[in-house]
Amino acid sequence: MLIPGVYAPQDDTELLAEVLRQEALPPGARVLDVCTGSGALALEAARRGAEVTAVDVSRRAVWTARLNAWLSRLPVRTRRGNLFTPVLGRTYDVILTNPPYVPAPEAGRGPRGRSRAWDAGSDGRLLLDRICRDAPALLRPGGLLLIVHSALSGPDRTLELLRASGLKATVVRRRWIALGPVLRSREEWLRRRGLLAPADDREELVVIRAERPC
């Protein structure tokens, strides 16, 4: 079920779900899904028996995730708020996130409306840097952070920030996909900035796995 204006699960969601399925979750694992959108990743974790909390800044996304959990008969707590604000003081075995990460021409204000689901500033890191900064403190010893984003948005920077916070971070999955409608709509701007080569007609997705030492 998808309420209009909510990000529909796509290749990035499925790629992160594939990585999650390969992780051995402890019994009753506490999982946090940040930027949950439709709740697809939260439901994937709940099917594994995890205790799941899903967070999104969009009211429509929270309603959608809540409705999808009810339709699936899966226990998922949903919270509306800006990234980790609704869960401060709590810790988790796994944090999942498929945040907005698409580089966007800046027009003097942040993303608005539907574009909040994908636009992330001129370098695509509007939320990624905050996640890398704040997520490690919410991980239990041995806990995992799994992030999916585009190679256009600086995966080396993500690795650098996570490692600087004491996590063991690496790229565990890559996948090339055709340019979607959003990237095609700003293809010329991306090429001018050097983010897309002249002959590029595909985008690379990466999943980064970061573990807090025990």
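Axes here are lines fitted to C-alpha atoms, and the angle between two of them runs from 0 to 180 degrees between their N-to-C directions. The exercises below use a predicted model.

**Exercise 1.** Find which strands helix 3 lies across, and state at about what angle helix 3 runs to strand 3.

*Solution.* Begin with helix 3, which covers residues 59–72 and lies across strand 2 and strand 3. Next, take the directions: helix 3 runs at about 170 degrees to strand 3, on a scale that ends at 180 degrees. Then turn to the two strands themselves, where strand 2 (residues 51–56) pairs with strand 3 in the parallel sense over 5 bridges. Within this pairing, valine 52 has valine 76 of strand 3 opposite.

**Exercise 2.** Place strand 3 in its sheet, and say which strands form the edges.

*Solution.* Write down the order of the open sheet of 7 strands, which is 3-2-1-4-5-7-6, with mixed pairing. The edges are strand 3 (76–80) and strand 6 (168–178), each of which pairs on one side only. From one strand to the next, the twist averages 15 degrees.

**Exercise 3.** Identify the residues with the most contacts inside the largest nonpolar core, and follow one of them outward.

*Solution.* The largest nonpolar core has 61 residues, and those with the most contacts inside it are Leu32, Phe84, Ile95 and Leu162. Following isoleucine 95, and leaving aside residues up to four places away in sequence, we find among its contacts Leu32, Val34, Phe84 and Ala135. In soluble globular proteins, nonpolar side chains tend to be buried together.

**Exercise 4.** Determine which charged residue sits over the ring of tyrosine 92.

*Solution.* The charged end of arginine 30 sits over that ring, 5.2 Å from its centre, whereas a search of the whole structure for aromatic pairs finds 0.

How values were computed
Residues are numbered from 1 along each chain as its sequence is written. This is a predicted model: local features need pLDDT of at least 70, side-chain atom pairs count only at pLDDT 80 or more; totals for chains, interfaces and linings use all residues. Side-chain values use heavy atoms; hydrogens and water are left out. Two strands pair if DSSP finds at least two bridges between them. Helices (H or I, at least four residues) and strands (E, at least two) are DSSP runs, numbered from the N terminus. Contact means heavy atoms within 4.5 Å. A nonpolar core is a set of buried Ala, Val, Leu, Ile, Met, Phe, Trp, Tyr and Cys residues joined through side-chain atoms within 4.5 Å. Buried means under 20% relative accessible area, exposed over 50%, partly exposed in between (1.4 Å probe, protein chains only). Rings of Phe, Tyr and Trp (its six-membered ring) pair if their centres lie within 6.5 Å; planes under 30 degrees apart count as stacked, over 60 as edge-to-face and the rest as tilted. A charge sits over a ring if NZ of Lys or CZ of Arg is within 6 Å of the ring centre and within 35 degrees of the ring normal.
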